[in-house]
Amino acid sequence: MTKRVALVTGGMGGLGEAICIKLAELGDAVVTTYSPGNTKYREWLSTMNNMGYGFRAFPCDVTDFDSAHACIEAVTKEVGPIDVLVNNAGITRDMTFKKMTKDDWDAVIHTNLDSVFNMTKQVMDGMVERKWGRVINVASVNGQKGAFGQTNYSAAKAGMHGFTKALALEVAKRGVTVNTISPGYIGTKMVTAIPQEILDSKILPQIPVSRLGKPEEIAGLVAYLASEEAAFLTGANISINGGQHMY
Ligand code: CAA
């Protein structure tokens, strides 16, 4: 059987790396993106290679439609058509609304939400033609419940799920599923960047499981959604948050 091609945006580190590893372990040819100009990708590829993972990485500014187009064209030519797209790239610019500038708003909306259109647009026609595809949008518990200091991030993550539901309807008959996952607080750099005092006093007490999640726990869910068995699951927003928000 030919390998499926899985593209994970923002795959170097955090959740993305765990997702790349899991999909590779299940037999996919895994490709990730890096921001043009970021030279650290070589080091990451080599570390992964030493661990036995032959990932490929392509430059892509996910906020830019033309860059997304060029990236997908190159991946398709060099690796093959994309079967699984994981829209994982994301940033935070946390601050209260009072302090938030237009630039802080735009940066988060462009990276976390416009990117979903930019990337999905490049792969959807091919998935529909081949009658098989999986799109998995990585949102957040904070898109479901809101979060202090995250008007930009919560708006973008909630927007992702609106996109998911609408597109899932349009392609349901074509063998393509589109889903959102909404992780809670996972032990990645994005979360450990939160001031410790805020983490201890405001966030951890809200998590019934009493700990941060592990990237591997999120990767396991992505792998399931990407699998053949998940063909009947579409348009969903799956919460994976240690019980922090029961939606
Ligand atoms: N809930 C309620 N009140 C909060 C709060 C919260 N989560 N966070 C801060 N506050 C309160 C503080 O207690 C403080 O109150 P007082 O003025 O009464 O003392 C007030 O807000 C101001 O707090 P700061 O001094 O921290 O203000 P700041 O302007 O320096 O920073 C902030 C504000 C940037 C929002 C900072 O509090 C922060 O980083 N909070 C964490 C935001 C967060 O949870 N981000 C999630 C990142 S992880 C992620 O996004 C991944 C994912 O998908 C889950």
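Helices, one of which is named α8 below, are DSSP runs of H or I at least four residues long, numbered from the N terminus. With that in mind, this briefing covers a predicted model, in which 19 residues surround a ligand. The largest share of the shell around that ligand, three residues, is supplied by α8. Two pairs of packed helices are described after the ligand site.

**The shell around the ligand**

- Among the 19 residues that surround the ligand, the closest are Asp94, Lys99, Ser140, Tyr153 and Tyr185.
- Sorted by class, the shell is made up of ten nonpolar residues, six polar residues and three charged residues.

**Polar contacts and burial of the ligand**

- Aspartate 94, which is listed with the closest residues, places a polar side-chain atom 2.7 Å from a nitrogen atom of the ligand.
- Lysine 99, also listed with the closest residues, has an N or O atom in its side chain that is 2.6 Å from an oxygen atom of the ligand.
- In the side chain of glutamine 150, an N or O atom is 2.9 Å from an oxygen atom of the ligand.
- The ligand taken alone exposes 1,000 Å², and 63% of that area is buried by the protein.
- Two elements, α7 (189-192) and α8 (196-203), are the ones that give two or more residues to the shell around the ligand.

**Helix α4 with helix α6**

- Helix α4, which spans residues 102-130, and helix α6, which spans residues 151-171, have axes that come within 8 Å and cross at roughly 15°.
- Because angles under 35 degrees count as roughly parallel, α4 is described as roughly parallel to α6.
- The crossing of α4 and α6 is right-handed.

**Helix α1 with helix α9**

- Helix α1, covering residues 14-25, packs with helix α9, covering residues 215-226, at an angle of about 50°, and their axes are 8 Å apart.
- That angle makes α1 oblique to α9, and the crossing of α1 and α9 is right-handed.

Key:
Residues are numbered from 1 along each chain as its sequence is written. This is a predicted model: local features need pLDDT of at least 70, side-chain atom pairs count only at pLDDT 80 or more; totals for chains, interfaces and linings use all residues. Side-chain values use heavy atoms; hydrogens and water are left out. A residue is near a molecule or strand if one of its heavy atoms lies within 4 Å of it. A polar contact is a pair of N or O atoms within 3.5 Å; within protein, one must be able to donate a hydrogen and the other to accept it, and residues adjacent in sequence count only if both atoms are side-chain atoms. Accessible areas come from the Shrake-Rupley method with a 1.4 Å probe; for residues, only the protein chains shown count as cover. Ala, Val, Leu, Ile, Met, Phe, Trp, Tyr, Cys and Pro count as nonpolar, Asp, Glu, Lys and Arg as charged, and the others, Gly among them, as polar. Axes are lines fitted to C-alpha atoms, for helices over the stretch in contact, and angles run from 0 to 180 degrees between N-to-C directions. Angles under 35 degrees count as roughly parallel, over 145 as roughly antiparallel, 65 to 115 as roughly perpendicular and the rest as oblique. A crossing is left-handed if the near helix is turned anticlockwise from the far one by less than a right angle, and right-handed if clockwise.
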